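Q: I'd like to go through this one with you, starting with the ligand site. Can you pull it up?
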Amino acid sequence: MNTTSIKRRQLLLAGAGTLGMAAWPAANAAKPRKQVIVIGGGMAGATLAKYLRLWGDRINVTLIERAPRYTSCIMSSLVLTGQRQIADLRYSYAQLKKVYGVNVVTDDVLAVDPATLSVQLASGTTLFADRIVFAPGIDFDPVPGLTNPDAMPHAWKAGPQTTLLRQQLQAMAPNGVAVLTIPKVPYRCPPGPYERACLLADWLKKNKPQAKLLVLDANPDFVTEKDNFSQAFFGLHADVIEYRTQTEVLSADAATMTLQTTTGSVHGDVINLIPRQRCAPIVSQTGLANATEGRFAGVDVLSYESTVAAGIHVIGDSSATTQPKAGHIANQEAKVCADAIVRSFGGYAVDPAPVTNSACFSTITMKEASWLEAVFQYDPATRVMVPVANATGASVGWSGNNFDQMETWFKALMADTFA
Ligand SMILES: Cc1cc2nc3c(=O)[nH]c(=O)nc-3n(C[C@H](O)[C@H](O)[C@H](O)COP(=O)(O)OP(=O)(O)OC[C@H]3O[C@@H](n4cnc5c(N)ncnc54)[C@H](O)[C@@H]3O)c2cc1C
């Protein structure tokens, strides 16, 4: 392999002339610049890169992302109903480069060596850093029997599968049966499958009034926002949705469009199969997946440093914390992590009492939404983030006004992450 090794000193030279380098006062000129490599430019990684450059003094940030543009999962279920296009959910890295001086590299990280804090890229380059932050999102468990995942798309990473699922739903017979499967927790976006089910039920009523939606939940009950979702499933959408709990997918047969589940065999004309989830492969390959039965990476939530590898941090959906796997939380974790890295480079202790928050809007119909909010604070006794009781809760019911506010919230979150 044509491997080019860029030593720290060379990276240091590569950083010269960036916006950050020019901006720091001359008194700092002798102080060596620190190198941080961020793996994954999604909700967590993009925020981290931006805030490290905003808050840090003489820190070079290299963000490695395999896709030239980010596609937001948030709002992507609205693509299924034709209310959004996938192209509307794309975000560029131009602002991170231009405004914040992040070195954005379009490449795939193939391997990371925790001992030397080095990162090997698919292009053949090896980069070295003072800190490496993993923010690569999730991966899916393989589904036995499903050789072509497009036959039963998850559409749980926004992109081609989202558009494909939209096409499959449009092509479904007027009296067809669509199936949506919900994996065991923890998975990305706890209310996401339930809000997708509500949205699809409303769309089916308007477009295929004889069709049904069968929701197979591997969990014993709604995993979040039970009041609103049970009212929607058993009230508003009761004529469309059939809800089965404790029903886990065991295998799938695309030829007959059949699922074998823990409660029997199920046929669907369209199957939105959302498999069980784990951290992205690069996290487990690096030996960091030591929590949640080896599915996610254990971290110290004061800094998001791995509990097994010094100098390596894991943020966003790949990490195992008591907070939900959500884009808003990924953005918050990134800020706590950035602050901890900046303090550590400066020789200061990390913030001993971080607070994070999350807001989430769930579409109950194509024009109405409910909301869920949570504030988490560090509990020194248990060393985990715990919900603050009087700042955590859900709306009573849903409204068109909430749907409008969802747009405002989304724009603000994406601007804070990418602009
Ligand atoms: C349908 C749906 C609706 C959702 N709605 C909401 C919502 O309303 N509110 C909310 O807060 N959250 C929502 N979420 C959850 C949210 O999208 C995720 O929690 C969030 O994207 C996690 O951020 P992340 O940075 O960990 O991962 P991602 O955003 O997935 O980013 C990971 C990035 O890493 C890159 N990557 C991975 N491996 C490598 C590698 N080896 N080399 C280079 N690059 C790599 C990927 O290409 C990707 O761009 C929703 C999710 C879905 C599926």
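A: This is a predicted model. Helix H3 (43-55), strand E3 (59-65) and H10 each put at least two residues into the shell around the ligand.

Q: Which helix gives the most to that shell?
A: H10, with 3 residues.

Q: How many residues surround the ligand, and which are the closest?
A: There are 30 residues around the ligand, and the closest are Ala44, Glu65, Tyr70, Arg188 and Asp317. By class, the shell has 14 nonpolar, 8 polar and 8 charged residues.

Q: Where does the ligand lie relative to domain 1 and domain 2?
A: Between them, because domain 1 (4-139 + 278-352) and domain 2 (146-275) both give residues to the shell.

Q: What about backbone atoms close to the ligand's nitrogen or oxygen atoms?
A: For Ala44, a backbone N or O atom is 2.9 Å from a ligand oxygen atom. Val109 has a backbone N or O atom 3.0 Å from a nitrogen atom of the ligand. A polar backbone atom of Arg66 is 3.3 Å from a ligand nitrogen atom.

Q: And how much of the ligand's accessible area does the protein cover?
A: On its own the ligand has 1000 Å² of accessible area, and the protein covers 94% of that.

Q: Switching to cavities. How many of 30 Å³ or more does the structure hold?
A: It holds 1. About 40 Å³ of space lies in the largest cavity.

Q: What lines the largest cavity?
A: Its lining includes Gly316, Asp317, Lys325 and Glu333. Helix H10 (residues 327-346) supplies the largest share of the lining, 3 residues.

Q: And by class?
A: The lining of the largest cavity has 4 nonpolar, 4 polar and 3 charged residues.

Conventions:
Residues are numbered from 1 along each chain as its sequence is written. This is a predicted model: local features need pLDDT of at least 70, side-chain atom pairs count only at pLDDT 80 or more; totals for chains, interfaces and linings use all residues. Side-chain values use heavy atoms; hydrogens and water are left out. On a 1 Å grid over the protein atoms alone, a cavity is a set of points where a 1.4 Å probe fits but cannot get out, and a pocket is an open set with protein on both sides within 12 Å along at least five of seven lines; lining residues have an atom within 4 Å of a point. Grid points are joined across faces, edges and corners, and a volume is the space filled by probe spheres set on the points. Helices (H or I, at least four residues) and strands (E, at least two) are DSSP runs, numbered from the N terminus. Ala, Val, Leu, Ile, Met, Phe, Trp, Tyr, Cys and Pro count as nonpolar, Asp, Glu, Lys and Arg as charged, and the others, Gly among them, as polar. A residue is near a molecule or strand if one of its heavy atoms lies within 4 Å of it. A polar contact is a pair of N or O atoms within 3.5 Å; within protein, one must be able to donate a hydrogen and the other to accept it, and residues adjacent in sequence count only if both atoms are side-chain atoms. Accessible areas come from the Shrake-Rupley method with a 1.4 Å probe; for residues, only the protein chains shown count as cover. Domain bounds come from an automatic or database domain assignment.
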